[in-house]
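Visitor: I'm new to reading protein models, and I'd like to know what stands behind the labels people use. Could you walk me through this one?

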Amino acid sequence: MHLLRGAVRTYAWGSRTAIAEFTGRPSPTAHPEAELWFGAHPGDPAMLKTDDGERSLIDALRDDPEGQLGAAVCARFGETLPFLVKVLAADEPLSLQAHPSAEQAAEGFERENKLQIPVSAPNRNYRDPSHKPELIVALDQFEALAGFRPVPRTIELMRALAVTDLDPFVHLLSGQPDAGGLRAVFTTWITAPQPDLDVLVPAVIDGAINYMRSGKSEFANEAKTVLELGERYPGDAGVLASLLLNRITLEPGEGIYLPAGNLHAYINGVGVEVMANSDNVLRGGLTPKHVDVPELLRVLDFTPAADVVVRSEVVEDGIESLYPTPAPEFAVSVLRIDGDRIGHEIDAPTRHDGPQILLCTEGSTVVHAKGGTVTLQKGSAAWVSADDGPIRLAATEPTTLFRSTVGI
Ligand SMILES: [Zn+2]
């Protein structure tokens, strides 16, 4: 068991304060810090802090895959860590995106290989042959768009904005209030010629301004999001697409699970994100990066869903709550030590024998394992190899740990 030094990623949409404050470094930082990666991703692996200095987690896995990952994990996923843990801090909206299914990713990766598009090329969609299910859990209030809203509610929103140019789409959705209607409207918008968008997007922005001025509150978040996105990306079809998606505010501890084909955009906030170890993103707008609309349309799931918020469920021992997610690559739980448990050594077994990444988001605790002892405090993380487990915890104050393991 070793402390992990995460890799800070500086993207323009990041925060100059959130990740620095989380990890106890001076803030504001010189560059916006968007993500802090804890994993064995070849693009930016975390470093194990050993007595002999720092060592890449990738090198440790390569030298002793069975000891680090366990034989069962190696048999299921090969000799690599199948998940990646991130702290994500968004000061500005991220791109409108979806991720492919395992089949779509394998097929797309091979197709782009045959077309001889270099894996690192900006116009490459599929950088690996894997799917990329994601779970984001809010650390403070987290704002996002995720999944298509049930159509009757979307019709109410569009009517509330009172934009004449939206009338044809309200009619279309009223006649076909299902995935087919959503596909038709979204496809029309996302493929619309720029001159059409230059009329429709400003009209919707005007509708949102008038709605905000009216003092009505029912769709205030939706209208505010239209204005925020419209200010940064004027004339972008993603502003229109936001009308079709669930506008979600997560409270701390609440999450969203994003399966293949789920259209989403993170708007603002700090969270812990755990995902399959893949880079496969199909973007549809709200970004200066590569956008591939036909490929996005191929993978999107237009099935509307109202309640997309995931809450953790207490596991029998009382300190662990598990987020119920179906991806085989990862399982995420929260270990909370408070009240009478402070000052005592507590068993924290996992449901299987694979590796764990522990990330402390509050408080401080000693972690005991076969492979030694480390102290975690807010913003620090530990790698617990398969050989190190199980762990025992001894906290001196109320403490929260995120635990990521391989899924069952
Ligand atoms: Zn995503």
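**Why those labels?**

Guide: Let's start with a hollow inside this predicted model: β17 gives three residues to the lining of the largest cavity, the largest share.

Visitor: What makes that space a cavity?

Guide: It's called a cavity because a 1.4 Å probe fits there but cannot get out. About 100 Å³ of space lies in this one. Besides β17 (331-337), β16 (320-322) and β24 (399-405) each supply at least two lining residues.

Visitor: Which kinds of residues line the largest cavity, nonpolar, polar or charged?

Guide: There are five nonpolar, four polar and three charged ones. Among the residues of that lining are V315, L322, S333 and R403. Val and Leu count as nonpolar and Arg as charged, while Ser falls among the others, so S333 goes down as polar.

Visitor: How many cavities of 30 Å³ or more are there?

Guide: Two. The second largest has a volume of about 40 Å³, and its lining includes P122, R124, H290 and D292. That lining divides into three nonpolar, two polar and four charged residues.

Visitor: Now the metal. How do you know which atoms are donors of the zinc ion?

Guide: For zinc, an N, O or S atom has to be within 2.8 Å of the metal. Q97 (OE1), H99 (NE2), E134 (OE) and H264 (NE2) lie 2.1 to 2.5 Å from the zinc ion, so they count as its protein donors.

Visitor: Why is the site of the zinc ion called irregular?

Guide: Take the angles among its four donor atoms: they run from 90 to 160°. Tetrahedral needs all angles between 85 and 135 degrees, and 160° breaks that, so that label is out. The site ends up as irregular.

Visitor: Where do the donors sit along the chain?

Guide: Their spacing is Q-x1-H-x34-E-x129-H. H99, in the loop between β7 (96-98) and α5 (102-114), and E134, in strand β8 (residues 134-138), are 35 residues apart, so the pair links distant parts of the chain.

Visitor: Why is H99 called buried?

Guide: Buried means under 20% relative accessible area. H99 has 1%, so it qualifies. E134 is buried too.

Visitor: What does UniProt place at Q97, H99, E134 and H264?

Guide: An unreviewed UniProt entry gives the feature "binding site" there. These residues span 168 residues in sequence, yet no two of their C-alpha atoms are more than 12.2 Å apart, so they gather at one spot. Of these, Q97, E134 and H264 are included in the lining of the largest pocket.

How values were computed. Residues are numbered from 1 along each chain as its sequence is written. This is a predicted model: local features need pLDDT of at least 70, side-chain atom pairs count only at pLDDT 80 or more; totals for chains, interfaces and linings use all residues. Side-chain values use heavy atoms; hydrogens and water are left out. Donors are N, O and S atoms within 2.8 Å of the metal (3.2 Å for Na, K and Ca); water is not among the atoms, so sites may look incomplete. Four donors count as tetrahedral if all angles lie between 85 and 135 degrees; four count as square planar and six as octahedral if opposite donors are over 155 degrees apart and all others between 65 and 115; anything else is irregular. Helices (H or I, at least four residues) and strands (E, at least two) are DSSP runs, numbered from the N terminus. Buried means under 20% relative accessible area, exposed over 50%, partly exposed in between (1.4 Å probe, protein chains only). On a 1 Å grid over the protein atoms alone, a cavity is a set of points where a 1.4 Å probe fits but cannot get out, and a pocket is an open set with protein on both sides within 12 Å along at least five of seven lines; lining residues have an atom within 4 Å of a point. Grid points are joined across faces, edges and corners, and a volume is the space filled by probe spheres set on the points. UniProt positions are given in the numbering used here, feature names are shortened, and annotations may be inferred rather than shown by experiment.
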